[in-house]
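Hi,

Here is the structure I promised to pass on. Have a look at it first, and then read my notes below.

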Amino acid sequence: MKGIVCILALVVAFSIVPAVFAGTNYNCPVGTVTIDGNLADWAGAEFVFVPHDKGTGPAPDDADASFDFAVLVDNDWLYVAFDINDEAINAGETNNYQDDSVEIYIDANHDRTEAYGNDDLQIAIGAWDIGGDIQNPQLSAGTDSGTIAAVVETANGWIVEAAIPLSNSHWTIVPSAGTVIGFNVHFNDDDVVGGTRENKLIWSDLDVDDQSWQNTTRFADLTFVGATSVEPSGKLAITWGSIK
Ligand SMILES: [Ca+2]
Ligand SMILES: [Ca+2]
Ligand SMILES: [Ca+2]
Ligand SMILES: [Ca+2]
């Protein structure tokens with residue numbers, strides 16, 4: 001009986017481990033990085049892997065299309081990094097969303113509306129910006145967001161390192177611990193010149209129909225978990241809690 005109880009306890013323990021990075025929520029810690037296309041300064045971040053078959057346009061394998069992404073925040077910027085596996089880098093189609101590109105989606109007030117409000121934004125950054133001006137990237141969506149981005153080629157694909165202002169004409173985001181915003185990321189994979197993109201990968205589990213561009217109910221959550229806003233009283237409460 002005691003053994004069964006132990007096994008049950010183990011099963012419960014494993015089953016209640018929160019799947020916080022499974023496409024439902026990303027816990028965003030505090031950190032500051034330099035936007036230069038080098039992700040060595042992201043060592044303390046939590047990278048999430050989005051495999052080749054996650055999204056509405058799955059690829060044959062991870063080498064063709066997959067990516068890791070991570071998010072950090074400080075008092076001024078939301079930083080987003082993409083480390084993309086892609087065997088063929090291509091840009092130049094008629095529509096930018098058919099080119100190699102990533103899309104970042106933000107619902108700043110987290111009201112999850114079916115139509116976009118002013119606080120809801122798609123920010124699109126493409127491979128056409130490889131080697132481009134970091135301070136003035138050629139965004140194909142979210143052009144008035146104030147986003148800066150470095151896009152560089154790598155041995156296995158390409159990297160996007162971006163910083164989005166916490167204050168602009170769309171929002172003022174205060175990254176207090178516990179605050180939640182709507183968030184999603186996509187990768188459009190274009191491998192063949194002409195026509196459309198070949199693959200479409202999506203992180204949010206809710207975006208099963210590639211509708212994030214016009215419907216914020218498809219976004220997942222991003223929760224700020226950093227200590228920048230921890231009040232002295234909060235620290236005291238944690239201390240008392242651990243003593244008890
Ligand atoms: Ca960097
Ligand atoms: Ca590819
Ligand atoms: Ca909103
Ligand atoms: Ca590609």
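**The five-stranded sheet**

Keep in mind that this is a predicted model. What caught my eye is an open, antiparallel sheet of five strands, which run in the order E2-E3-E4-E8-E7. The edges belong to strand E2 (48-50) and strand E7 (148-153); each has a single partner strand, so one side of each has no neighbour in the sheet. On average, neighbouring strands here are turned by 15 degrees against each other, if you ignore direction.

Starting from the E2 edge, you can follow the pairing along. E2 pairs with strand E3 (residues 66-73) in the antiparallel sense, over three bridges. Within that pair, Val48 sits opposite Phe69 of E3, and Phe49 faces Asp68 of E3.

On to the next pair: E3 and strand E4 (residues 77-85) are also antiparallel, with eight bridges between them. One of the matched pairs is Ala70 with Ala81 in E4. The two strands make a hairpin, with three residues linking E3 to E4.

How buried is E3? Seven of its eight residues are buried, so E3 is largely enclosed by the rest of the structure.

**The chain as a whole**

Stepping back, the protein chain has two helices and eleven strands. The order from the N terminus is α-β-β-β-β-β-β-β-β-β-β-β-α. Of the 244 residues in the protein chain, 38% are buried. Taking contacts between residues at least 6 apart in sequence, 60% join residues at least 24 apart.

Cheers

Key. Residues numbered from 1 in each chain as written. Chains lettered and ligands numbered in written order. Predicted model: local features only at pLDDT ≥ 70, side-chain atom pairs only at ≥ 80, totals over all residues. Pairing = 2+ DSSP bridges. Helix = DSSP H or I, 4+ residues; strand = E, 2+ residues; numbered from the N terminus. Axes fitted to C-alpha atoms, helices over the stretch in contact; angles between N-to-C directions. Buried ≥ 20, exposed ≤ 12 C-beta atoms within 10 Å, placed from the backbone. Contact = placed C-beta atoms within 7 Å.
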